[in-house]
Amino acid sequence: MAGQMAGQPIFILREGSQRTRGREAQSNNIMAAKAVAEAVRTTLGPKGMDKMLVDSLGDVVITNDGATILKEMDIEHPAAKMIVEVSKTQDDEVGDGTTTAAVIAGELLKKAEELVEQDVHPTIIASGYRMASEKAGEIIQTLAKSVTKENRDVLINISGTAMTGKGAEATKEVLANITVDAITSIVDEDGKVDMDNIKVEKKVGARIEESELIEGMIIDKERVHTNMPKKIENAKIALINTAIELKDTEVDAEISITSPEQLQSFLDQEEKMIKDLVDKVVNSGANVVFCQKGIDDMAQHYLAKAGVFAIRRVKKSDMQKLARATGAKLITNVDEISDADMGKADLVEEKKIGGDPMTFVTGCDNPKAVSILLRGGTEHVIDNIERGLNDSLRVVGVAIEDEKLVAGGGSPEVEVALRLQEYAATLSGREQLAVKAFAEALEVVPRTLAENAGLDPIDMLMELRAHHEKGVKTAGLNVYEGKVIDMWEAGVVEPLRVKTQAINAAAESAVMILRIDDIIASRQGPEGPTPEQMVPNMPPGGLPGMGMDM
């Protein structure tokens, strides 16, 4: 980029920088964004296919989840990264609908490109899109129906919808029941759902149907000493934050021992101190100890003698969940331990699952933290199921928090598209074109559902529109039979937030990409001095054994 001044070019950008402007910049960005949306498009819906992603280390991820696919793909183009952001936000906010959000964003840009070619200015398209997205939000609100955590059947349907098409359909029943039980048991008094209180443990082996919900906790650890009991009923649980061993003195002290007797009495004293420490724990009535730090060998021996079940080096997050599940308090100082700090559980037991010992804490009254033990034939199967289960947990949680649902199967999109077309007709000015484009873009969802199921997208769309014009607001596409049916009756339902968030995020990012008319990319390359400059007299090509990909 240079200006002429007295015949002398003036460079204001670094050498090697690239600048793309105007139409070319827009079409570049739109192409990149569309390409990303196309990449995930085939995974949408119950008949969507999966993607296999192999990273640079050769790790394989097989998934149907839009956000996971886009996260694992190594995307370079800056505009394409914005579409990745859309699906990431959708994942953080709702957990499901990540593919939908990316596909809508891509389609909005595609429609915008057509308008730009007809000389509609990007800012007009942007303001039209904003109006349309606001209106779409209002229209969707009118389609919503309410749900509470008492409507178990509806919650199971929501959970099923989220898992459909994610490799978990065959076992949908089992997993949906687990999901709903898990979420309903951890809902706070104020109706909020904190997903951190659900712990998912995966173990390869057995069938997916054998996954179960544990009303309590699973800790992936074994007891510290073989002489300890494997099973403790009516457990009184102490959660200890500090190490059960002798503290080193904080001050630098030297202990000089001159005779063997002195050494012996010193060791006896140490042993007595550890025994006192253990006695304090045992006298408090605790028969199960979870320790976040280490437990000294001698302490292990005394705990085993007292018949206490102990586990050491428990993760901090697990300690917090245990506290919630059993009602125990975290103890930082063993001297102050008392009966009031104990947690309760009917049973603490070490069992072997898939060949590995794990500890189960079950039968907590009113557990506020639960665990799900997921089983599956192979590592990849179980990872895929876990992603489906996570989406389903999040979605049921969102439904309980918002208490609002809409039908699925492309029905809200068709309804909103129809109402937006009517709204567009009331506008004067070029925004009308943008609102119409927005309406058409939303129909990409039912169209893609039909395409992925091998149905004729145009016929299906026509039929859907016809039903909606007759006033069947919940008419959606049954991809299994290739028919338009009432989705509400078929039990295909989703939380309202899945749709509103997807449309809003897609609209906002499309507007942002549209408004860019100049891309200035500075030269890619290593910043700072080269290795030769850093090490004087260095031979070219670096030192032997030193890779030059710094």
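**Helix α7, positive phi values and a nonpolar patch**

N234 has a relative accessibility of 62% and therefore counts as exposed, the cut-off for exposed being over 50%. The structure is a predicted model. The points below cover two residues with positive phi, a nonpolar surface patch and helix α7.

**Positive phi outside glycine**
- N234 belongs to strand β10, which runs over residues 231-240.
- The phi angle of N234 is near 50°, a positive value in a residue that is not glycine.
- D119 also has a positive phi without being glycine, with a value near 70°.
- The loop between α4 (98-117) and α5 (122-143) holds D119.
- D119 counts as exposed because its relative accessibility is 55%.

**Nonpolar surface patch**
- I255, I257, L263, F266 and L267 make a nonpolar patch of about 420 Å² on the surface.
- Of these patch residues, I255 sits in the loop between β10 and α8 (260-283).
- I255 has 59% relative accessibility, so this residue counts as exposed.

**Helix α7**
- Helix α7 consists of 15 residues, 172-186.
- At 1.5 Å a residue the expected span of α7 is 21 Å, and the C-alpha atoms at its ends are 21 Å apart, so the two values agree.
- The buried residues in α7 are L175, A176, I178, T179, V180, A182, I183, S185 and I186.
- Cover for these buried residues includes the helices α6 (152-163), α10 (316-326) and α11 (379-402).
- Strands β7 (198-204), β8 (212-214) and β16 (370-376) are also among the elements that cover the buried residues of α7.

Technical notes:
Residues numbered from 1 in each chain as written. Predicted model: local features only at pLDDT ≥ 70, side-chain atom pairs only at ≥ 80, totals over all residues. Heavy atoms only, no water. Helix = DSSP H or I, 4+ residues; strand = E, 2+ residues; numbered from the N terminus. Expected span 1.5 Å × (residues − 1). Buried < 20%, exposed > 50% of the residue type's maximum accessible area, 1.4 Å probe, protein only. Contact = heavy atoms within 4.5 Å. Patch = residues over 30% accessible without salt bridge, like charges linked within 9 Å, V, L, I, M, F, W, Y side chains within 5 Å. Areas by Shrake-Rupley, 256 points an atom, 1.4 Å probe, with all protein chains shown as cover. Salt bridge = Lys/Arg side-chain N within 4 Å of Asp/Glu carboxyl O.
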